[in-house]
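Here is a short briefing on packing, cavities and cysteines. Keep the model open while reading.

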Amino acid sequence: MTDKTMFDRPLLLQNASYYSAGEMHYGHLLLADGKVAAIYDELPPDMTVDADFQRYDATGRLVLPGCIDTHVHVREPGSPEKEDFLTGTAAALSAGVTTICQMPNVNPIPHDVASLEVTRQAAANKALCNVAVYAAAGADNTREFAALARAGICGLKTFLQPGKSGEPQYITVAQDDGDAELCALLAAGKSAGLRCFFHCEDYALIGKLEQQAHESGQENYSFHYKTRPNEAELNAVSRVLAAAAKTGAKVGIVHVSTVAAAEAISAAKRAGADVTCEVCFHHLFFDDSWLDKFGPYAKCNPPLRSKADVEGLWRFVNDGTVDYLGSDHAPHLLRQKQAGEKHIWLAPSGVAHMEIMLPLLLSAVKSGKLKMERLAELISENGYKAMGLYPQKGCITTGADADLTVIDTDVTWRFDHRQMQTKAREACRLFDGMEMTGRVEAAIVKGRLVYADGIVDYQSAGWGDVLTCHKNQWEGI
């Protein structure tokens, strides 16, 4: 593991076209001691570049503040055979991501400071990039929220479903009369100063539709999206927004997948609600025909939606309703996915596809669906703001952390799953042959070039920091 007390020789990015704080700039970026040490319009004449610095020529490349993926499922602790922090962060780097936000559905569930530390230590030992951690939030651990906040979590995460009988509700909350449990959870989150993030699906409706589909024999691949209709998402989103209005709590809706849900969130924002909206990139590029064709390999929750929803979500991406984009990178063993080839409900949900997120989004910029400045806000700025890490991260300015993503926006290439870093690459063959425009050339973490030209520096295991989020709230910074 790399000694985190040591820093490499200063790194100079020459001829960089870079984005920062809403604008594009040009200059030379000097990175030293993990920070952006200086930004030059022109290099000083007495600077002996090759002797004093490592040099990276960024001519013709775009440099962004290191991208953040707000929705990642590294399976460690609990199931490292699916993905551990070494391979998960390697996949992140090849995606241009220098900070991942780890979801809490692992084992042990991080529901208090002691269990949180298990995840944080696993990340500290292996992570190649920075890691922020969500804690679980359920009906039975609300008393832990204040301590979890002080431990530096990025937020609280809840699934809107009843827990298993006889087990503590550390990540779930039941639907009861008046939503008393949900409102109590939100009140505790508000008291702790944290935003509560929700996976929004109506599990009562889904269970009913699944039973009806089994009884009627409607069990082809469309089973998955037909039993999780748009209504299931909208019902749950409306429930969270109503409880947030009642309690005054800050909430976040993750992986919004339908126009109806986005419209509800947009209306709540206009009415003054403090709600963030995350869309995961697959809901902007892949419709339910991919489920019809690839079945378990395209199975995710919420499911891939209709073409109308895929196209309709772009309006909310561009009008500011959507705050940031994530991947919902969710690795599974190939044999687990194969179990759903005949009966799709037997396969776990999730796709380990973080590595194609930025290339697809760059393709959208090339086609005119998205402006580059807006893309930078969505993947390199706003997520850091939501996690209490901006402007130390998410901004290229003197004194900011030296986390950068270098992109070739013009190169055209075809995807091949064999080049992926994730352990779950074999389940990603459905994307093989897809043509993309734009590719990650390099990723820099704390001033160190940890990914370049398709090669991950695995010797830098442990170089990434486990982040303390919302420091200004708890440390007076």
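**Thr119 and its surroundings**

Thr119 is buried, at a relative accessible area of 1%. The model is a predicted one. The points below start from this residue, then turn to the nonpolar cores, the cavities and the cysteines.

**Thr119**
- Helix H3, residues 113–126, contains Thr119.
- Beyond residues up to four places away in sequence, Thr119 touches Pro77, Phe85, Gln102, Val106 and Val133.
- Tyr134 lies 15 residues from Thr119 in sequence. Their C-alpha atoms are 10.0 Å apart in space.

**Nonpolar cores**
- The largest nonpolar core holds 116 residues. Within this core, Phe198 and Phe431 touch the most other members.
- Helix H14, residues 357–367, supplies the largest share of this core, with seven residues.
- Another core lies apart from it and has 17 residues. Tyr18, Leu29, Val63 and Ala402 are among them.
- What does Phe198 contact, leaving aside neighbours within four places in sequence? Its partners include Lys157, Thr158 and Leu160. Leu182, Leu185 and Leu186 are also among them. So are Val240, Val251, Gly252, Ile253 and Val254.

**Cavities**
- How many cavities of 30 Å³ or more are there? The count is four.
- The largest cavity has a volume of about 80 Å³.
- Aromatic names in its lining include Phe286, Trp290, Tyr297 and Phe431. His282 and His353 line the largest cavity too. The lining is completed by Ala298, Cys300, Leu304, Val351 and Leu430.
- By class, the lining of the largest cavity has nine nonpolar residues, two polar and no charged.
- Phe431 thus appears in two places: it lines the largest cavity, and it is one of the two residues that touch the most other members of the largest nonpolar core.

**Cysteines**
- The model has zero disulfides.
- Why is Cys154 not bonded to Cys101? The closest cysteine sulfur to that of Cys154 is in Cys101, 4.5 Å away, and this is too far for a bond. The cut-off is 2.5 Å between sulfur atoms.
- Cys154 is buried, at 2% relative accessibility.
- Cys280 is in no disulfide either. The nearest cysteine sulfur belongs to Cys300, 8.9 Å away.
- Is Cys280 buried or exposed? Cys280 is buried, with a relative accessible area of 0%.
- Cys300, the neighbour in that pair, is also one of the residues lining the largest cavity.

Conventions:
Residues are numbered from 1 along each chain as its sequence is written. This is a predicted model: local features need pLDDT of at least 70, side-chain atom pairs count only at pLDDT 80 or more; totals for chains, interfaces and linings use all residues. Side-chain values use heavy atoms; hydrogens and water are left out. Buried means under 20% relative accessible area, exposed over 50%, partly exposed in between (1.4 Å probe, protein chains only). A nonpolar core is a set of buried Ala, Val, Leu, Ile, Met, Phe, Trp, Tyr and Cys residues joined through side-chain atoms within 4.5 Å. Helices (H or I, at least four residues) and strands (E, at least two) are DSSP runs, numbered from the N terminus. Contact means heavy atoms within 4.5 Å. On a 1 Å grid over the protein atoms alone, a cavity is a set of points where a 1.4 Å probe fits but cannot get out, and a pocket is an open set with protein on both sides within 12 Å along at least five of seven lines; lining residues have an atom within 4 Å of a point. Grid points are joined across faces, edges and corners, and a volume is the space filled by probe spheres set on the points. Ala, Val, Leu, Ile, Met, Phe, Trp, Tyr, Cys and Pro count as nonpolar, Asp, Glu, Lys and Arg as charged, and the others, Gly among them, as polar.
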